[in-house]
Amino acid sequence: MSSVNIIEGALNAKGLKVALAVSRFNDFITSRLLDGAVDCLVRHGAEREDITIIKVPGAFELPLVCERAAQSGKYSGIVALGAVIRGSTPHFDYVCAECSKGIAQVSLKHGVPVGFGVLTCDSLEQAVERAGSKAGNKGVEAAMAMLETVRVLEQL
Ligand code: INI
């Protein structure tokens, strides 16, 4: 019996130009996500000068800057980093919905992998857990996912 063909991406960031879009809202959380993403890329072979950090006010603004970054053709991959924490109004739901939908659309429209490193949490405690403590660092996970997808696309 012949073997199946498997396409998978190596976790190698050598030579890649990457944009990291990060929101200032809940900066004490998003700065940890950003540190994690940069560290992850550098440890996987990226050069620091090939990493561009784009700061935006909040998660709602992330899709637009990811769209421009993707459209520019300058980047092999993008990572969106943010932290949306539920309050007492429905604002949370609108920000999360537009942010996640917008980022997914950018990826599909331009064929550029956009790692989704936006926390959507019910409490500050949940966010802290996902920004470099008990539940890992979602900035690292999003950078890894972007990296793997870039390398998968190269083979398709
Ligand atoms: N933006 C966030 O990134 N996280 C939040 O938790 C948040 N909350 O809760 O309001 C938030 N709001 C701001 C929003 O992203 C926009 O920046 C703002 O509405 C201006 O367009």
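**View 1. Four strands form an open sheet in this predicted model**. Reading across the sheet, the strand order is 2-1-3-4, and the pairing is parallel. Which strands stand at the edges? They are strand 2 (51-56) and strand 4 (114-121); each has a single partner strand, so one side of each is left without a neighbour in the sheet. On average, neighbouring strands are turned by 15° against each other, with direction ignored.

**View 2. Strand 1 and strand 2 run side by side in parallel**. Zoom in on strand 1 (residues 18-23), and you can trace six bridges joining this strand to strand 2. To find your bearings, look for leucine 20, which stands opposite isoleucine 53 in strand 2.

**View 3. Helix 1 and helix 5 pack on the sheet**. Helix 1 (residues 27-43) touches strand 1, strand 2, strand 3 (77-85) and strand 4. The direction of helix 1 makes about 170° with that of strand 1. Helix 5 (residues 138-153) touches strand 1, strand 3 and strand 4. Its direction makes about 150° with that of strand 3.

**View 4. Helix 2 packs with helix 3**. Here helix 2 (residues 62-72) and helix 3 (residues 91-110) meet at an angle of about 10°, and their axes are 8 Å apart. Because angles under 35 degrees count as roughly parallel, helix 2 is roughly parallel to helix 3. On the helix 2 side, look for Leu62, Pro63, Cys66, Glu67, Ala70 and Gln71. They meet Glu98, Cys99, Gly102, Ile103, Val106, Lys109 and His110 in helix 3. Sorted by class, this contact has seven nonpolar, three polar and three charged residues.

**View 5. The largest pocket has a volume of about 210 Å³**. Which of its 15 lining residues are the closest to the centre? Look for Phe25, Ala83, Val84, His91 and Val95. Strand 3 and helix 3 each supply at least two residues of the lining. What classes of residue make up this lining? There are eight nonpolar, six polar and one charged.

Methods. Residues numbered from 1 in each chain as written. Predicted model: local features only at pLDDT ≥ 70, side-chain atom pairs only at ≥ 80, totals over all residues. Heavy atoms only, no water. Axes fitted to C-alpha atoms, helices over the stretch in contact; angles between N-to-C directions. Parallel < 35°, antiparallel > 145°, perpendicular 65-115°, else oblique. Contact = heavy atoms within 4.5 Å. Nonpolar A, V, L, I, M, F, W, Y, C, P; charged D, E, K, R; others polar. Pairing = 2+ DSSP bridges. 1 Å grid on protein atoms, 1.4 Å probe; cavity = no way out; pocket = protein on both sides within 12 Å on 5 of 7 lines; lining within 4 Å. Points joined across faces, edges and corners; volume = space filled by probe spheres on them.
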